[in-house]
Amino acid sequence: MRKAILAVVAAAAVLLPFAPPAQAHGSSLRDAAPRYLRIGSAVAGGGHHVDQPYPDPFPNDREYRRILAREFDSVSPENQMKWEFIHPERHRYNFGPADAIVAFARRNGQVVRGHTLLWHSQNPAWLQEGTFTKAQLRSILREHIFTVVGHYRGKIQQWDVANEIFTENGEYRQENIFIRELGPGIVADAFRWAHQADPRAQLFLNDYGVEWPGVKVDAYETLARQLLQQRVPLHGFASQAHLSMRYGAPDQLAGVLQRFDDLGLATAITELDVRMDLPVTDEKLATQAVYYRTVLDACLAVDGCNSVTLWGFTDKYSWVPVFFPEEGAATVMWEDFRKKPAYFTVRDTLASAPRHHRR
Ligand code: G3I
C-alpha cells in the first residue's frame, strides 16, 4: 500500500513539475522564507495591552505562542524591552518578561530583535520628570545601554538603537529627552555603547514614514553617512512600515532601502502592518495583500535586506484599533487566528523568492 502511494506521489511529481512554491517549501512562513531572510513578529505584551480586556498575551495565550513558534524565525518584544517596562525605577530593572521571550526564541530556533534604546516615547516617569544635570543624563543613558544590551549579550541579532529620532521635517525630535538635553551627538554615543556591550549585535536606526523618499529619508541618509565616516558602529537602517490603505502602496520602498544598502548598511522591515477603513470587505482584503507583497518584494529586491517583521500577526492583539478607531484588520490573521489573503500572499512571495542571496 505504502509503495503504491509513493508511486502515485512520484508520478504526480513528474506530471506536476511546477508545484506551488509555498507547498514545496513547507507550510509556514518561516519554512517558506529563503535562508537569508528572517520573517518575524512582534511579541504582544505591555503597552496598549495593559488596558485591554484580556490578560497579558504572550505569557497567557498558549495558542498564540504555538503559532508564533510555528510561523516565525525572528521575534521582537513589542513593549517588553522599552525603558518604561524594563527600567521602571532608576535603580531597578525588570528583565523577567523580556527574558521569557528570549528563552522562548532560543527554544524555537528564533533570533530576537531588541527594541529599543533611545526613543522619545514610553520612557518612565522617573526619567521624563526627573531633574538631572547633563552629565547625569548622559551617564543614565550609558548605564541603561550597558545594562540592558549587556544582559542580552550574544542573544540579540539586531538592536533598534535609535528609534524615531527625526520629525517629518527631518529635524531631530526635541521630545527625545536625550537629544534635547545632550544634543544629536548622543546618537553616536548610543551606538558606541551598544557595540561595546554586545559587539556581535547588528545596530540599527529605525523609523516610520520612511517608506517613500523625502526629507526624513534624506536626514537619515545624511546621518548614516556621518556616522559611518566617524567610524561609529552603525550596521543597519530599518523601515517600520506601518501602512494605511488610505495612502498608496509603498512602491518606492526598494529605492529607499537601496540608498542605505549602497552605503554598505543592512536593511530591514521591522513593524509591518496594513490597516484599512472598517468595515472589512473582500476587495479591501485583496488590496491589503498587495500592500504586504509590495513591502516583501522591496526587501527581496535589495541585497542586504535581511529581515521582515510583522507588528503582530493577529488582529486579536493589534495596536491599530487602539490608536486608529476607524481602522483595523491590519494583520495577516483574524482574531481567531484564521488566515487572511495577506497571509497566503506573504507565504507565496517568500516561497517564490530566490533561494540564494547575492551578498
Ligand atoms: O504612558 C501611559 C501611562 O501613563 C498609563 O498609565 C498607561 C495605562 O493606560 O498607558 C500608557 O501609555 C500606553 C503606552 O503603550 C505605554 O505603555 C499607551 O496607552 C499605549 O497605547 C501604548 O502602546 C504601545 C505604543 O507603541 C506606544 O507608542 C503599543 O503597545 C506598541 O505596539 C507601539 O509600538 C510602536 C513601536 O514601539 C515603535 N513604532 C510604532 C509602533 C506603533 O505605535
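Here are three short exercises with worked solutions on the predicted model above.

Residues are numbered from 1 along each chain as its sequence is written, and side-chain values use heavy atoms, with hydrogens and water left out. In this predicted model, local features need pLDDT of at least 70 and side-chain atom pairs count only at pLDDT 80 or more, while totals for chains, interfaces and linings use all residues.

**Exercise 1: the overall shape**

Find out how the radius of gyration of the protein agrees with that of a compact globule.

Step 1. Start with the rule: the radius is taken over C-alpha atoms, and the globule value is 2.2 Å times the number of residues to the power 0.38.

Step 2. With 359 residues, a compact globule would come near 21 Å, and the protein has 21 Å, which agrees.

Step 3. Now look at burial, where buried means under 20% relative accessible area, exposed over 50%, and partly exposed in between (1.4 Å probe, protein chains only). Of the 359 residues, 53% count as buried.

**Exercise 2: two helices, two buried sides**

Work out where the buried residues of helix α7 (residues 96-107) lie around its axis.

Step 1. Helices are DSSP runs (H or I, at least four residues), as strands are (E, at least two), both numbered from the N terminus. The protein has 16 helices and ten strands.

Step 2. List the buried residues of α7: Ala98, Ile101, Val102, Phe104 and Ala105.

Step 3. Seen down the axis, these fall within an arc of 160°, so they line one face of α7. The arc is that of the directions from the helix axis to the C-beta atoms.

Step 4. Turn to the face pointing away from the buried side: there you meet the exposed residues Arg106 and Arg107.

Step 5. Try helix α13 (residues 253-261) too, whose buried residues are Leu253, Val256, Leu257, Phe260 and Asp261. They cover an arc of only 145°, which puts them on the same side of α13.

Step 6. A helix rule helps here: an α-helix has 3.6 residues a turn, so residues three or four places apart point the same way.

**Exercise 3: the disulfide**

Which cysteines form a disulfide, and how far apart are their sulfur atoms?

Step 1. Search for pairs of cysteine sulfur atoms within 2.5 Å, the cut-off for a disulfide. The whole structure gives one.

Step 2. The partners are Cys299 and Cys305, with sulfur atoms 2.0 Å apart.

Step 3. Check the twist: the angle about the S-S bond is -105°, and the link is left-handed.

Step 4. Finish with burial: Cys299 counts as buried at 1% relative accessibility, and Cys305 counts as buried at 1%.
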